[in-house]
Amino acid sequence: MVLLALTSACGDDAKPATAVEYGKLLFHDARLSESQFNSFSCSTCHATTPTPQGGRMDSGYTLYNVVGRKTWWGGYETNLLDAVNFCYVSFMRGVQKLPADSPQSRALYEYLASISPEAESSALPYTVVKDVRDVPRGSAERGRTVYQAACQECHGETHTGKGRLTELASILPEVTRDYDTTFPGVPHSLVIIEKVRHGQFFGIGGNMPAYSMEALSNEDLGALLTYLGL
């Protein structure tokens, strides 16, 4: 059913002829998840080239050579499908995990294998900030670059939200006007840091993924806060 939905939107001539082509289609389409509330595709958070193109600062690593890694999510997942399903359920609002024998799982694997030329590749670190603390501020100029690279795809342009991925994505920094009510007594900047560092996992960051230290340094986070006027 998912395959039919995806290909019908593209027209009959666009139907994938191979598992790799089908997997690539799934990778780039939010309809991989059947949830009507999902706006994420795999490509929202992951590049597929050795290094992200266009200055992207994704919350997730590039998936180039991902099949050759021994572990994922900083060593917390030792099975590739489990790593995929963590994203699928946590961020893409999948109701249940993709089964190993499903056409979607098989096609996604074939596509990921096609962008994994090395039989073995190093596992990548994923450092979670345990205790959220304020960070030193940086330059607004750098913060603007960080916003465009890390935030704008989902949140759209500052102040207006123009181009945001979904209406559920907050408009920055205007959303902080509500923080005195929703997070009384907490500095607005600390709420943003919490959302960035822990994502949705403590009920603060909506549906956004967390940014590890490898994905976003404290220096860049501090510059982002300056740019947002926080």
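Colleague: How many helices and strands are in the protein?

Modeller: There are nine helices and zero strands. This is a predicted model. Along the sequence the pattern reads α-α-α-α-α-α-α-α-α.

Colleague: What makes the protein as compact as a globular protein of that length?

Modeller: Set the radius of gyration against the globule rule. The radius is 18 Å, and the rule gives 17 Å for 230 residues. The two values are close, so the protein counts as being as compact as a globular protein of that length. Along the principal axes, the C-alpha atoms fill a box of roughly 55 × 35 × 30 Å.

Colleague: What share of the contacts joins residues 24 or more positions apart?

Modeller: Among contacts with a separation of 6 or more, that share is 57%. Buried residues make up 43% of the 230. The accessible surface is about 12500 Å², and 54% of that belongs to carbon and sulfur atoms.

Colleague: Where does UniProt place the feature "domain: Cytochrome c"?

Modeller: The unreviewed UniProt entry places it at residues 18-116 and 138-230. Over 18-116 the chain is 36% helix and 0% strand, with the end C-alpha atoms 17 Å apart. Over 138-230 the chain is 44% helix and 0% strand, and the end C-alpha atoms are 11 Å apart.

Colleague: Why is a set of residues called a nonpolar core?

Modeller: The residues must be buried, come from a list of nonpolar types that includes Leu and Val, and be joined through side-chain atoms within 4.5 Å. The largest such core has 22 residues. Leu216, Leu221 and Leu224 touch the most other members. Helices H6 (140-155), H8 (188-198) and H9 (218-227) each supply at least two residues. H6 gives the most, with five.

Colleague: Which residues does Leu216 touch, leaving out those up to four places away in sequence?

Modeller: Leu216 touches Met57, Val146, Val196, Arg197, Tyr211 and Leu221. There is also a second, separate core of 21 residues. Phe27, Cys42, Ala83 and Leu98 are among its members.

Colleague: How do you know that H8 is mostly covered?

Modeller: Count the residues under 20% relative accessible area, the cut-off for buried. In H8, nine of 11 residues are buried. They are Ser189, Val191, Ile192, Ile193, Glu194, Lys195, Val196, Arg197 and His198. The buried residues pack against H7 and H9. Just after H8, Gly199 takes a positive phi of about 55°.

Colleague: Why is Trp73 called partly exposed?

Modeller: Partly exposed runs between the 20% and 50% cut-offs. Trp73 has a relative accessible area of 22%, so it is partly exposed. Trp73 lies in the loop between H3 (42-45) and H4 (80-90). Its phi is near 55°, a positive value in a residue other than glycine. Most residues other than glycine have a negative phi.

Colleague: Why does Arg93 count as partly exposed?

Modeller: The relative accessibility of Arg93 is 33%, so the residue counts as partly exposed. Arg93 lies in the loop between H4 and H5 (103-114). Arg93 is not a glycine, yet its phi is positive, about 60°.

Colleague: How do you know that the peptide bond between Leu172 and Pro173 is cis?

Modeller: Look at omega. For this bond, omega is about 0°, and the bond is cis. Most peptide bonds are trans. Pro173 lies in the loop between H6 and H7 (179-182).

Terms used. Residues numbered from 1 in each chain as written. Predicted model: local features only at pLDDT ≥ 70, side-chain atom pairs only at ≥ 80, totals over all residues. Heavy atoms only, no water. Buried < 20%, exposed > 50% of the residue type's maximum accessible area, 1.4 Å probe, protein only. Helix = DSSP H or I, 4+ residues; strand = E, 2+ residues; numbered from the N terminus. Contact = heavy atoms within 4.5 Å. UniProt positions renumbered as here; feature names shortened; annotations may be inferred. Rg over C-alpha atoms; globule rule 2.2 N^0.38 Å. Areas by Shrake-Rupley, 256 points an atom, 1.4 Å probe, with all protein chains shown as cover.
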